[in-house]
Amino acid sequence: MILEIKKYGDPVLRMESQPVRKITPEIKTLARNMLETMYAASGVGLAAPQVGIPCRLIVVDVGDGPITMINPQIMSARGEVSDREGCLSIPGVTGVVTRAEQVTVSGIDLDGNKVVLDAGGLLARALQHEIDHLAGILFVDKARDIVQEESMRAGR
Ligand code: ZN
């Protein structure tokens with residue numbers, strides 16, 4: 001099921017998301033629907049607050065297959081790299097954000113197993129972007145050279 005993606009200005013995007021305490025069937029369904037919604041919108045990541053549910057659940061796929069992480073946490077970060085990024089909640093807007101080049105992220109998968117991910121490149125960027133969402137942080141808070149597409153400015 002494709003879910004409605006909450007847009008910039010919706011208060012849920014600014015909430016501190018709550019940890020997932022139990023992997024219920026509802027959480028599994030939510031994760032599946034979030035992936036479906038992300039693919040339908042041609043995104044590389046989605047966080048639960050973006051579909052109106054402030055819990056610590058993210059999905060990411062940068063082309064290497066879907067990753068679902070519950071209660072993700074950045075354990076360590078190395079290096080620094082700047083690149084342009086966007087957000088499904090802020091359509092038509094991009095900006096340059098400086099992030100860690102590599103991160104180690106730990107979390108739990110849908111079977112309740114602990115997962116530790118060493119990520120670089122786009123995956124590292126996507127994970128940091130999605131984990132920011134769980135703290136109510138949006139990329140435009142950190143971005144420079146923010147560009148808004150002409151069609152969006154015209155309100156189309
Ligand atoms: Zn986003």
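Student: What makes β1 and β2 a pair of strands in this predicted model?

Tutor: Two strands are said to pair if DSSP finds at least two bridges between them, and β1 and β2, which run antiparallel, are joined by 3 bridges, so the criterion is met. Within this pairing, L46 stands opposite V59 in β2.

Student: How do you know that β2 also pairs with β3?

Tutor: The count here is 4 bridges, again in the antiparallel sense, and since at least two are required, β2 and β3 qualify as a pair. One of the facing positions is I58, which stands opposite M69 in β3. The two strands form a hairpin with 6 residues between them, and in the turn G63 has a positive phi of about 115°.

Student: Why is the sheet called open, and which strands stand at its edges?

Tutor: The order of the 5 strands is β1-β2-β3-β6-β7, with antiparallel pairing. At the edges stand β1 (45–47) and β7 (114–120), each of which has a single partner strand, so that one side of each is left without a neighbour in the sheet. Neighbouring strands are turned against each other by 35° on average, with direction ignored. Further along the order, β3 (residues 67–78) and β6 (residues 102–108) pair in the antiparallel sense over 6 bridges, and S76 stands opposite T104 in β6.

Student: Which strands does α1 touch, and how is α2 placed on the sheet?

Tutor: Helix α1 packs on the sheet with contacts to β1, β2 and β3, and its direction makes about 35° with that of β2. Helix α2 lies across β1, β2, β3, β6 and β7 and runs at about 155° to β2.

Student: What makes β2 a strand with both faces covered?

Tutor: L57 and V59 on one side, and I58 and V60 on the other, are all buried; buried means a relative accessible area under 20%.

Student: How many residues does the largest nonpolar core have, and which elements supply it?

Tutor: The largest nonpolar core has 17 residues, and those with the most contacts inside it are L30, M34, L46, C55 and L57. Both α1 (25–40) and β2 (57–60) supply at least two residues of this core, and the largest share, 6 residues, comes from α1. Apart from it lies another core, of 15 residues, among them I58, V60, L117 and I131. In soluble globular proteins, nonpolar side chains tend to be buried together. As for L57, residues it touches include I27, L30, A31, M34, L46 and L134, when residues up to four places away in sequence are not counted.

Student: Why is L35 called buried?

Tutor: The relative accessibility of L35 is 15%, and the limit for buried is under 20%, so L35 falls within the buried class. L35 lies in helix α1 and touches V59, P66 and T68, again leaving out residues up to four places away in sequence.

Student: What makes C87, H129 and H133 donors of the zinc ion?

Tutor: A donor atom must be N, O or S and lie within 2.8 Å of the metal; SG of C87, NE2 of H129 and NE2 of H133 coordinate the zinc ion at 2.0 to 2.3 Å, and therefore they satisfy that limit. The donor residues are spaced C-x41-H-x3-H in sequence.

Student: Why are H129 and H133 separated by about one helical turn, and are these residues buried or exposed?

Tutor: The two histidines are 4 residues apart in helix α2 (residues 121–134), which means a separation of about one helical turn. H129, with a relative accessible area of 7%, is buried, and H133, at 1%, is buried.

Student: How do you know that R99 is buried, and which side chains make polar contacts with its side chain?

Tutor: R99, which is found in strand β5 (residues 93–99), has a relative accessible area of 4%, and the cut-off is under 20%, so R99 is buried. The side chains of R99 and E85 are joined by a polar contact of 2.9 Å, and the side chain of D132 makes another with that of R99, at 3.0 Å; the limit for such a pair is within 3.5 Å. Among the residues that R99 touches is H129, one of the residues that coordinate the zinc ion.

Conventions
Residues are numbered from 1 along each chain as its sequence is written. This is a predicted model: local features need pLDDT of at least 70, side-chain atom pairs count only at pLDDT 80 or more; totals for chains, interfaces and linings use all residues. Side-chain values use heavy atoms; hydrogens and water are left out. A nonpolar core is a set of buried Ala, Val, Leu, Ile, Met, Phe, Trp, Tyr and Cys residues joined through side-chain atoms within 4.5 Å. Buried means under 20% relative accessible area, exposed over 50%, partly exposed in between (1.4 Å probe, protein chains only). Contact means heavy atoms within 4.5 Å. A polar contact is a pair of N or O atoms within 3.5 Å; within protein, one must be able to donate a hydrogen and the other to accept it, and residues adjacent in sequence count only if both atoms are side-chain atoms. Donors are N, O and S atoms within 2.8 Å of the metal (3.2 Å for Na, K and Ca); water is not among the atoms, so sites may look incomplete. Axes are lines fitted to C-alpha atoms, for helices over the stretch in contact, and angles run from 0 to 180 degrees between N-to-C directions.
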